[in-house]
Amino acid sequence: MTKAASGSLLYLDGVSVAFDGFKAINNLSLVLEPGEMRAIIGPNGAGKTTMMDIVTGKTRPDSGDVIFDGEIDLTRHDETDIAELGIGRKFQKPTVFESHTVEDNLELALDRSRGVMATLFYSSAREDRDEIDRILDVTRLTARRHEYAANLSHGQKQWLEIGMLLAQNPKLLLVDEPVAGMTDAETEETARLLREIAENHSVVVVEHDMGFVRDLDVKVTVLAEGSVLAEGSLDHVSAHPKVIENYLGR
Ligand SMILES: Nc1ncnc2c1ncn2[C@@H]1O[C@H](COP(=O)(O)OP(=O)(O)OP(=O)(O)O)[C@@H](O)[C@H]1O
């Protein structure tokens with residue numbers, strides 16, 4: 001265990017993984033502080049999804065340290081463990097239950113996160129209602145709580161799925177291309193929504209939409225060919241010659 005990880009929420013150091021000899025992640029190092037929201041950008045094939053796969057235990061790195069909460073070696077845990085440790089992931093495509101209402105989707109997510117035993121002995125329906133009200137408010141879905149999820153717009157489905165993640169109360173949320181396919185208004189609202197969530201959670205957002213990344217107004221990590229090309233404010237990384245050459249200039 002490396003001492004350098006202490007005090008961080010997520011610590012990747014010297015992480016590499018190869019698929020059939022091709023290094024998708026190549027000596028990647030990245031540190032996320034508790035409470036931080038970070039945007040990850042980079043060209044197609046840069047390794048963004050693979051990095052998320054490594055953090056969530058879907059892919060095992062060939063080498064390197066992957067440490068959560070200062071001390072937990074994530075490479076020793078499987079996907080289920082890692083979710084229970086407090087890392088929630090939202091994939092690009094929403095996977096809400098279309099034939100259930102918005103509220104029922106959130107209720108299911110709450111039950112799932114609580115586990116079977118806890119649900120059996122859990123008596124406070126009131127606390128559940130309060131939690132669901134809170135999540136509906138954050139995800140801009142209060143007026144649609146009794147609507148079937150199938151009837152939501154694409155953007156609202158994404159927000160509902162973010163709400164289902166929140167029901168699990170993760171310490172760290174990993175969000176993959178949340179605004180792909182959204183309208184401009186939904187995209188702007190999503191930046192506000194994630195900023196609100198980031199007041200109480202750490203968040204990693206992978207996104208291609210630069211306007212959205214600008215609205216997030218957080219530190220940006222640029223990945224290319226499996227490692228960090230540049231890091232800093234969006235203005236700082238945008239001015240980096242290698243970023244212009246590898247990504248923005250294309
Ligand atoms: N399971 C796998 N087997 C073989 N190659 C893989 C596998 N997963 C990823 N790769 C390769 O690793 C590289 C990185 O892919 P990855 O999906 O992580 O990139 P990305 O930055 O998420 O790209 P995009 O923006 O297109 O989603 C790509 O060249 C991809 O083809």
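This passage describes the fold of a predicted model, its ligand shell and its six-stranded sheet.

The protein has 250 residues, and 40% of them count as buried. Its secondary structure comprises ten helices and ten strands. The radius of gyration is 18 Å, close to the 18 Å that the globule rule gives for 250 residues, so the protein is as compact as a globular protein of that length. Along the principal axes, the C-alpha atoms fill a box of roughly 50 × 40 × 35 Å. Contacts were also examined by separation along the chain. Among contacts with a separation of 6 or more, 66% join residues 24 or more positions apart.

The ligand is surrounded by residues from several positions in the sequence. Phe19 and Ala24 belong to this shell, as does Gly42. The shell also includes Asn44, Gly45, Ala46 and Gly47. Lys48, Thr49 and Thr50 complete the list. By class, three of the shell residues are nonpolar, six are polar and one is charged. Helix 1, spanning residues 48-55, gives the most to the shell, with three residues.

Where does helix 1 lie relative to the rest of the structure? Seven of its eight residues are buried, so helix 1 is largely enclosed by the rest of the structure. The buried set includes Lys48 and Thr50, which also stand in the ligand shell. Met51, Met52, Asp53, Ile54 and Val55 are buried as well. In general, an α-helix has 3.6 residues a turn, so residues three or four places apart point the same way. Glycine 57 follows helix 1, and its phi is positive, near 85°.

Six strands form an open sheet with mixed pairing, in the order 6-7-8-3-9-10. Strand 6 (87-90) and strand 10 (227-232) stand at the edges. Each has a single partner strand, so one side of each is left without a neighbour in the sheet. Neighbouring strands of this sheet are turned by 20° against each other on average, direction ignored.

At one edge, strand 10 pairs with strand 9, which covers residues 219-224. The pairing is antiparallel and runs over five bridges. Within it, valine 222 stands opposite alanine 230 of strand 10. Helix 10, residues 241-248, packs on the sheet and touches both strand 9 and strand 10. The direction of helix 10 makes about 120° with that of strand 10.

Note on methods:
Residues are numbered from 1 along each chain as its sequence is written. This is a predicted model: local features need pLDDT of at least 70, side-chain atom pairs count only at pLDDT 80 or more; totals for chains, interfaces and linings use all residues. A residue is near a molecule or strand if its C-beta atom, placed from the backbone, lies within 6 Å of it. Helices (H or I, at least four residues) and strands (E, at least two) are DSSP runs, numbered from the N terminus. Ala, Val, Leu, Ile, Met, Phe, Trp, Tyr, Cys and Pro count as nonpolar, Asp, Glu, Lys and Arg as charged, and the others, Gly among them, as polar. The radius of gyration is taken over C-alpha atoms; the globule rule is 2.2 Å times the number of residues to the power 0.38. A residue is buried if 20 or more other C-beta atoms lie within 10 Å of its own, exposed if 12 or fewer, and partly exposed in between; C-beta atoms are placed from the backbone. Two residues are in contact if their C-beta atoms, placed from the backbone, lie within 7 Å. Two strands pair if DSSP finds at least two bridges between them. Axes are lines fitted to C-alpha atoms, for helices over the stretch in contact, and angles run from 0 to 180 degrees between N-to-C directions.
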